[in-house]
Amino acid sequence: MASDPKVHTFEEVANHNKTKDCWLIISGKVYDVTPFMDDHPGGDEVLLSATGKDATNDFEDVGHSDSAREIMEKYYIGEIDPKTVPAKRTYIPPQQTPYNPDKTPEFVIKILQFLVPLLILGLAIAVRHYTKKE
């Protein structure tokens with residue numbers, strides 16, 4: 001490593017997101033992993049999916065060995081400027097309809113939707129029965 005590492009912006013690193021040009025941000029450091037794409041045990045898709053973001057969690061979740069961490073050091077090209085890294089997005093759940101403990105209006109409507117057609121049918125049968133000529 002150089003004594004005075006180059007500082008890269010997030011936007012600059014995010015632009016390197018192709019198989020032939022792939023940079024990753026892991027623990028505040030920038031790595032050009034392009035030469036490692038074909039040799040990565042998980043395949044190049046794994047590395048490409050970690051571009052354009054802070055890949056620290058992706059890297060740590062896999063549980064890389066000490067030898068993997070040593071190999072990684074030869075791809076180190078500088079540091080990331082923390083001021084240029086976008087803030088992490090927090091999960092905002094979708095809006096839900098409020099819980100209605102008093103379901104009386106809904107219940108009444110459903111009952112009426114069932115009873116009104118029965119009432120009409122009953123009236124039609126009664127009218128037919130009483131107006132029938134014998």
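D58 sits at a relative accessible area of 33%, so it falls in the partly exposed class. In this predicted model, the D58 side chain meets that of K53 in a salt bridge, with 2.9 Å from N to O. K53 comes out at 34% relative accessibility, so this residue, too, is partly exposed. Side chains of opposite charge can pair when their charged atoms come close.

That pair has company, as the structure holds two salt bridges. The other one links R69 to E60, and here the closest N and O atoms are 2.9 Å apart. With the cut-off for a salt bridge set at 4 Å, the contact between R69 and E60 qualifies at 2.9 Å. On the accessibility side, R69 has a relative accessible area of 28% and so counts as partly exposed. E60 is partly exposed as well, its relative accessible area being 36%.

Now for the overall layout. The protein is built from five helices and five strands. Going along the sequence, these elements come in the order β-α-β-β-β-α-α-α-β-α. The protein has 134 residues, and 22% of them count as buried.

Several of these elements come together around a pocket. Rolling a probe the size of a water molecule over the atoms shows where empty space is left. The largest pocket takes up a volume of about 410 Å³. Its lining is made of 21 residues, and those that lie nearest the centre are F36, H40, L47, F59 and H64. At least two lining residues come from each of β3 (21-26), α2 (44-49), α3 (56-62) and α4 (66-73). As for chemistry, the lining of the largest pocket breaks down into 16 nonpolar residues, four polar ones and one charged.

Next come the loops. A50 lies in the loop between α2 and α3. At a relative accessible area of 6%, A50 is buried, because the class takes in values under 20%. A50 and W23 are 27 residues apart along the chain, and their C-alpha atoms are separated by 9.0 Å. A backbone detail turns up at S27, which is not a glycine but has a positive phi, near 55 degrees. S27 belongs to the loop between β3 and β4 (29-32).

Further along, I77 is part of strand β5, which covers residues 76-80. The relative accessibility of I77 is 28%, so this residue is partly exposed. In sequence, I77 and K6 are 71 residues apart, while in space their C-alpha atoms are 7.1 Å apart.

Finally, there is a nonpolar patch on the surface, with an area of about 1000 Å². The residues that make up this patch are F107, V108, I111, L112, F114, L115, V116, L118, I120, L121 and I125. One of them, I111, is found in helix α5, which runs over residues 104-131. I111 has a relative accessible area of 34%, so it is classed as partly exposed. Patch members need over 30% relative accessible area, and I111 passes that mark at 34%.

Definitions and conventions
Residues numbered from 1 in each chain as written. Predicted model: local features only at pLDDT ≥ 70, side-chain atom pairs only at ≥ 80, totals over all residues. Heavy atoms only, no water. Buried < 20%, exposed > 50% of the residue type's maximum accessible area, 1.4 Å probe, protein only. Patch = residues over 30% accessible without salt bridge, like charges linked within 9 Å, V, L, I, M, F, W, Y side chains within 5 Å. Areas by Shrake-Rupley, 256 points an atom, 1.4 Å probe, with all protein chains shown as cover. Helix = DSSP H or I, 4+ residues; strand = E, 2+ residues; numbered from the N terminus. 1 Å grid on protein atoms, 1.4 Å probe; cavity = no way out; pocket = protein on both sides within 12 Å on 5 of 7 lines; lining within 4 Å. Points joined across faces, edges and corners; volume = space filled by probe spheres on them. Nonpolar A, V, L, I, M, F, W, Y, C, P; charged D, E, K, R; others polar.
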